[in-house]
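Here's a quick tour for anyone meeting this structure for the first time. Have a look, and then we'll walk through what sits around the ligands.

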Amino acid sequence: MLRIVDFGPDIYDKDSKKASKYISYGSPSERREILDGIKGFSIFDADDVEDLESDCRSMIERGGKGKFRVKSIDISRLRMKYFFGYGYEYGGGKGSEKFFNPKDISPIPDWIYKNIIGKMEKAGIVEKNWINSVVINDYEPGGFIVQHQDPPHLFQRPIFILTLFSDSALSFGCNLRFDRSVEPVEVTASDPVLRLPMQRGIITSFEGMCMNEIKHCVRPEDTKERRVAIILRRVCNNGPVLEALTDGESLRNFDKKLHKKVKKRCEKMLEARVMPYERSFTLVEVKKENQKQTVYKEKVKEPWRKQAKPKPKKDTKKRKEKLKKKGVGTFELDKPLEKDQMDMQWNFGNSPERGQSKRIEWSSEDEEKERNRRIGKTGDMADLIYDFHHQDKDVREVDIKTIERNVHMQKSRKQRGREFRDKINSKFGFKSSIVNTDSESDSSDSEEEVRAKKTRISKFTF
Ligand SMILES: O=C(O)CCC(=O)C(=O)O
Ligand SMILES: [Fe+2]
C-alpha cells in the first residue's frame with residue numbers, strides 16, 4: 001500500500017530542544033522552499049525491507065567475486081558505489097562529469113527491477129520503464145558524500161533514493177570541510193539549511209529547487225550505522241559518454257589488483273551488523289491518488305511549528321455512560337484472571353501473582369536466548385554496550401536499567417546471591433557473616449556459631 005511519509009515531526013528548527021546535530025538551521029521560508037520538491041513514500045513492509053537488504057548482501061557477495069563489469073564498482077573512503085545501467089565519473093569537476101560506456105557497466109539486476117522499480121511503478125510513484133540508472137552507495141559508519149548537485153546534464157528529475165540498513169539524513173545547503181593535517185583526515189560539516197531524515201525502508205523523491213539550486217551532502221555524523229542508499233534515476237538522452245574499456249568484461253578478468261581490493265572491502269561490508277527493522281517515522285494515509293497532494297502539502301507546510309495538541313474531551317457523566325455502554329473505560333480487575341494456556345504450560349496458574357489479578361510477564365532463559373537469536377541480538381555484553389551507545393540520550397537513560405539488569409542476570413546464581421546478601425548486610429549494618437548461606441560459611445565456625453547464624457537468617461528470608 002502506498003503511504004506518504006510526514007517528515008514534519010522529524011525536522012527540528014533552531015529553537016527546538018534537540019541536540020544540534022538534528023537541527024535544520026535555515027529560515028522557515030528556506031526550508032519550505034526545499035521541502036516543496038521532496039516527497040517520502042512508504043511502499044515496503046518490514047519483511048520487504050529485510051528481503052531487500054538480503055538482496056543487497058547477495059549483490060555484495062557477487063561484487064566481491066569480481067563478477068560485475070569493470071566500472072560497476074567504485075571504492076572510496078568509508079563508501080562503496082555500485083553502478084548499474086549507467087555509471088559516471090566526475091571528470092574535472094562540476095559540469096564535466098561523463099558516463100562510462102554502458103559496455104563497462106553491469107545492467108540493472110533483476111531483483112531491483114522486480115522488488116523496487118516494479119513496485120514503484122505499480123504504486124504510481126514513477127512511470128513504467130522511466131528508471132534506467134541505479135547507483136547504490138554503501139556507507140560504513142561515519143561515511144559521507146561531499147556537497148554536490150546530481151549533474152543535470154546526466155540525470156533527469158525527479159531523483160529517487162531508497163534508504164536501507166539504517167536511518168540517516170540528507171543535508172541541504174551544508175558544506176563538508178576536510179582537515180588534512182591530521183591522520184585520518186578529519187571531516188566536519190557546516191550547519192545545514194535543512195536536515196532531511198532519510199529513514200530505512202523509505203523512498204524519497206527530489207525535484208525542483210532542492211535538486212537544481214542548492215547542493216546536498218551526507219554528513220559523517222548522520223551515518224551512525226552502516227547504511228545503503230539506492231539512487232534511482234533516468235539519464236539524459238544526450239549525456240557525454242566515454243569510450244569503452246572492454247567489451248563487457250568482468251572485473252576479475254580485467255584488473256586482478258583492483259579485484260583484490262574490492263574483494264576485501266566487500267567482505268568487510270558483509271560483516272557489518274544489522275539491527276532488526278523498526279519503523280521510525282510518521283505516516284499519512286493516502287486513500288485516493290488525488291488526495292495525495294493535499295494531505296502531503298498540509299502536513300509539510302510548516303513542519304517546524306509545533307501543532308497544538310487537541311484538548312482531551314472532558315468525561316462528562318453522559319459521555320461516561322455512553323463509553324461504558326460501548327465497553328470503553330478503565331476497570332479494576334476484581335477477580336483473579338482465568339488460567340490460560342501459558343499458565344498451564346508453566347504451571348503458573350495458582351501463583352500469588354495470579355491471586356492479585358496481575359500478570360507478570362516472564363520467560364525462561366532459553367526463551368530469551370531464542371528471542372534474541374530471532375531479532376539478531378546475541379545478548380553478548382559487547383552488543384549490549386554497542387546498542388546502548390547508538391541510542392538517543394533519553395532512550396539511553398531508560399535502557400541503563402535494562403542493561404544493569406542484564407549484566408546482573410549474566411552473573412552466576414551464586415554470585416548474584418552473594419551480591420544480594422552483601423546488599424542486605426550493608427543496608428542493616430550486619431557483619432558479613434550474618435546473612436550468608438551454609439556453603440559460603442567459614443568452615444572454622446563452631447557448631448554453636450553456625451546454629452546462631454541460622455537462627456538469625458530465618459528472620460531475613462525473602
Ligand atoms: O546517500 C544519499 O542519500 C545521497 C547520495 C547522493 O546524493 C548521490 O549519490 O548523488
Ligand atoms: Fe546526490
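Four strands, β7 (133–139), β8 (145–148), β15 (216–218) and β16 (227–233), each give at least two residues to the shell around ligand 1 in this predicted model. The largest share comes from β16, with 3 residues. In total, 14 residues surround ligand 1, and the closest are N137, Y139, H148, H216 and R227. Sort that shell by class and you get 8 nonpolar, 3 polar and 3 charged residues.

Now for the polar side chains that reach oxygen atoms of ligand 1. Here are the distances:

| Residue | Distance from its polar side-chain atom to an oxygen atom of ligand 1 |
|---|---|
| N137 | 3.1 Å |
| D150 | 3.3 Å |
| R227 | 2.8 Å |

So how much of ligand 1 does the protein bury? Taken alone, ligand 1 exposes 300 Å², and the protein buries 99% of that.

Next up is the metal. The iron ion (ligand 2) has three protein donors: H148 through NE2, D150 through OD and H216 through NE2, lying 2.1 to 2.2 Å from the ion. Along the chain, these donors follow the spacing H-x1-D-x65-H. D150 lies in the loop between β8 and β9 (159–164), while H216 is in strand β15, so this pair ties together parts that are 66 residues apart in sequence. Are D150 and H216 buried or exposed? Both D150 and H216 are buried.

A few names turn up at both ligands. H148 and H216 are among the closest residues to ligand 1, and both are also donors of the iron ion. D150 is another iron donor, and its side chain comes 3.3 Å from an oxygen atom of ligand 1.

Note on methods. Residues are numbered from 1 along each chain as its sequence is written. Chains are lettered from A and ligands numbered from 1 in the order in which they are written. This is a predicted model: local features need pLDDT of at least 70, side-chain atom pairs count only at pLDDT 80 or more; totals for chains, interfaces and linings use all residues. Side-chain values use heavy atoms; hydrogens and water are left out. A residue is near a molecule or strand if one of its heavy atoms lies within 4 Å of it. A polar contact is a pair of N or O atoms within 3.5 Å; within protein, one must be able to donate a hydrogen and the other to accept it, and residues adjacent in sequence count only if both atoms are side-chain atoms. Accessible areas come from the Shrake-Rupley method with a 1.4 Å probe; for residues, only the protein chains shown count as cover. Ala, Val, Leu, Ile, Met, Phe, Trp, Tyr, Cys and Pro count as nonpolar, Asp, Glu, Lys and Arg as charged, and the others, Gly among them, as polar. Donors are N, O and S atoms within 2.8 Å of the metal (3.2 Å for Na, K and Ca); water is not among the atoms, so sites may look incomplete. Buried means under 20% relative accessible area, exposed over 50%, partly exposed in between (1.4 Å probe, protein chains only).
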